Amino acid sequence: MQALRNLFRAPWSSDVKLDGQTAVITGANTGIGKETAIDLAKRGARVILACRDMEKAQAAVTEIVESSGNDGVVCMKLDLSDSKSIREFAEEINKNEAKLNFLINNAGVMVCPYGKTADGFEMQIGVNHFGHFLLTYLLIDLIKRSAPARIINVSSMAHSWGSITLEDINSEKSYNKNKAYAQSKLANVLFTRSLAKRLEGTGVTTYSLHPGVVQTDLWRHLSAPERFFISIARPFTKNSIQGAQTTIYCAVEPSLEKESGGYYSDCAPASCSAAGKDDELAQKLWELSCKMLSLSWD
């Protein structure tokens with residue numbers, strides 16, 4: 001019903017300006033991350049593209065500067081599959097940036113063949129959850145000092161098919177690429193919820209979202225039958241500009257200023273799965289994440 005109602009609502013738009021504010025967007029050299037960067041740059045923000053492929057990132061910076069007229073756009077190297085790279089990136093940000101008003105955890109890998117990160121995590125939970133968990137941890141003090149600030153985690157409706165296998169988070173006993181993806185997207189929703197509780201009263205708010213079924217290069221690992229199904233569904237899918245709208249909404253919509261920990265879709269509050277609202281599971285995942293990353297974050 002919610003999806004049907006959203007279909008008939010006027011498209012969301014906002015003329016909020018972001019002059020003097022700074023945003024970090026992971027995976028912003030392509031797709032919805034790049035469109036989010038263009039939008040925030042047009043609003044006057046300083047935008048830092050955090051990307052693994054610096055050649056593509058530099059090309060994206062040129063395009064974003066041209067289309068926004070804002071030359072306060074830069075790119076920095078960040079490989080979310082390697083904690084060393086994450087720590088180096090965060091160190092640079094903490095050293096050189098006076099403020100960080102928006103952290104948009106947008107990068108992701110989707111239904112890829114089994115692989116491991118530099119730290120030995122299964123690739124999808126490693127990049128989509130552990131990498132962003134560590135990045136947020138390392139930047140949280142700067143974000144708090146910059147309040148009001150927002151942390152946005154790009155999840156997916158796929159979270160509703162997911163479960164968290166705490167005893168085998170890295171899918172070492174058995175690997176199903178779809179289940180591993182859904183698990184990582186559920187982790188995004190639970191992380192957002194846990195983070196909101198820990199940040200109460202700080203002026204930092206958190207949001208998770210489903211961007212829509214977006215035509216992106218994340219689809220590169222889909223099988224032929226999956227691609228065929230997607231091609232039939234294409235009229236109902238979104239392009240990258242449309243797919244970025246809910247991220248932008250969560251970043252700039254004034255009415256969300258006091259909201260935190262929720263899940264959004266089509267530029268509106270939405271219902272996440274029962275597992276996505278499970279505070280006990282969220283706490284267990286938080287503790288496991290701290291243990292896997294050797295962090296103490298109460």
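Lys284 and Glu280 sit four residues apart in helix H9 (residues 279–292), so about one helical turn separates them. They form a salt bridge, with the closest N and O atoms 3.4 Å apart; a salt bridge here is a side-chain nitrogen of Lys or Arg within 4 Å of a carboxyl oxygen of Asp or Glu. Lys284 is partly exposed at 40% relative accessibility, while Glu280 is exposed at 55%. (Buried means under 20% relative accessible area, exposed means over 50%, and partly exposed lies in between, using a 1.4 Å probe and protein chains only.) Elsewhere, Arg193, Lys197 and Asp279 are joined into one network by salt bridges that share partners.

Before going further, a word on what you're looking at. This is a predicted model, where local features need pLDDT of at least 70 and side-chain atom pairs count only at pLDDT 80 or more, while totals for chains, interfaces and linings use all residues. Residues are numbered from 1 along each chain as its sequence is written, and side-chain values use heavy atoms, with hydrogens and water left out.

**The chain as a whole**

The chain has nine helices and eight strands. These are DSSP runs numbered from the N terminus, with helices (H or I) of at least four residues and strands (E) of at least two. Of the chain's 298 residues, 55% count as buried. Contacts (heavy atoms within 4.5 Å) reach a long way along the sequence: among those with a separation of 6 or more, 77% are between residues 24 or more positions apart. The chain exposes about 13600 Å², and carbon and sulfur atoms supply 53% of that; accessible areas come from the Shrake-Rupley method with a 1.4 Å probe, and for residues only the protein chains shown count as cover.

**The sheet**

Eight strands make an open sheet with mixed pairing, in the order S3-S2-S1-S4-S5-S6-S7-S8. Its edge strands, S3 (73–77) and S8 (268–269), each pair on one side only. Two strands count as paired if DSSP finds at least two bridges between them. As a general point, strands of a sheet pair through backbone hydrogen bonds, either parallel or antiparallel.

Which strand is largely enclosed by the rest of the structure? That's S5, because six of its six residues are buried. Ala149, Ile151 and Asn153 point one way from S5, and Arg150, Ile152 and Val154 point the other way. S5 runs parallel to S4, and four bridges join them; Ile104 stands opposite Ile152 in S5. S6 and S7 (residues 262–265) also pair in the parallel sense, over four bridges, and Leu209 stands opposite Tyr264 in S7.

Helices pack on this sheet too. H8 (residues 240–252) lies across S4 (102–105), S5 (149–154), S6, S7 and S8, and runs at about 160° to S5. Such angles run from 0 to 180 degrees between N-to-C directions, with axes fitted to C-alpha atoms, for helices over the stretch in contact.

**More salt bridges**

The structure holds nine salt bridges. Here are three of them, with their N to O distances.

| Pair | Distance |
|---|---|
| Arg43 and Asp39 | 2.5 Å |
| Glu63 and Lys34 | 2.9 Å |
| Lys284 and Glu280 | 3.4 Å |

The Glu63 and Lys34 side chains meet in a salt bridge. This pair links distant parts of the chain, with Glu63 in helix H3 (residues 54–68) and Lys34 in helix H2 (residues 31–42), 29 residues apart. Glu63 is partly exposed at 36%, whereas Lys34 is buried at 15%.

Is Arg43 buried or exposed? Arg43 counts as buried, at 8% relative accessibility, and its partner Asp39 is buried as well, at 18%. You'll find Arg43 in the loop between H2 and S2. Leaving out residues up to four places away in sequence, Arg43 touches Trp12, Ser14, Asp15, Val16, Lys17, Leu18, Asp19, Ile248 and Val252.

**A patch on the surface**

Which residues make the nonpolar surface patch of about 320 Å²? They are Met157, Trp161 and Val213. Patches are built from residues with over 30% relative accessible area and no salt bridge, joining like charges within 9 Å and nonpolar side chains (Val, Leu, Ile, Met, Phe, Trp, Tyr) within 5 Å. Val213 is partly exposed at 36% relative accessibility, and lies in the loop between strand S6 (204–210) and helix H7 (224–233).
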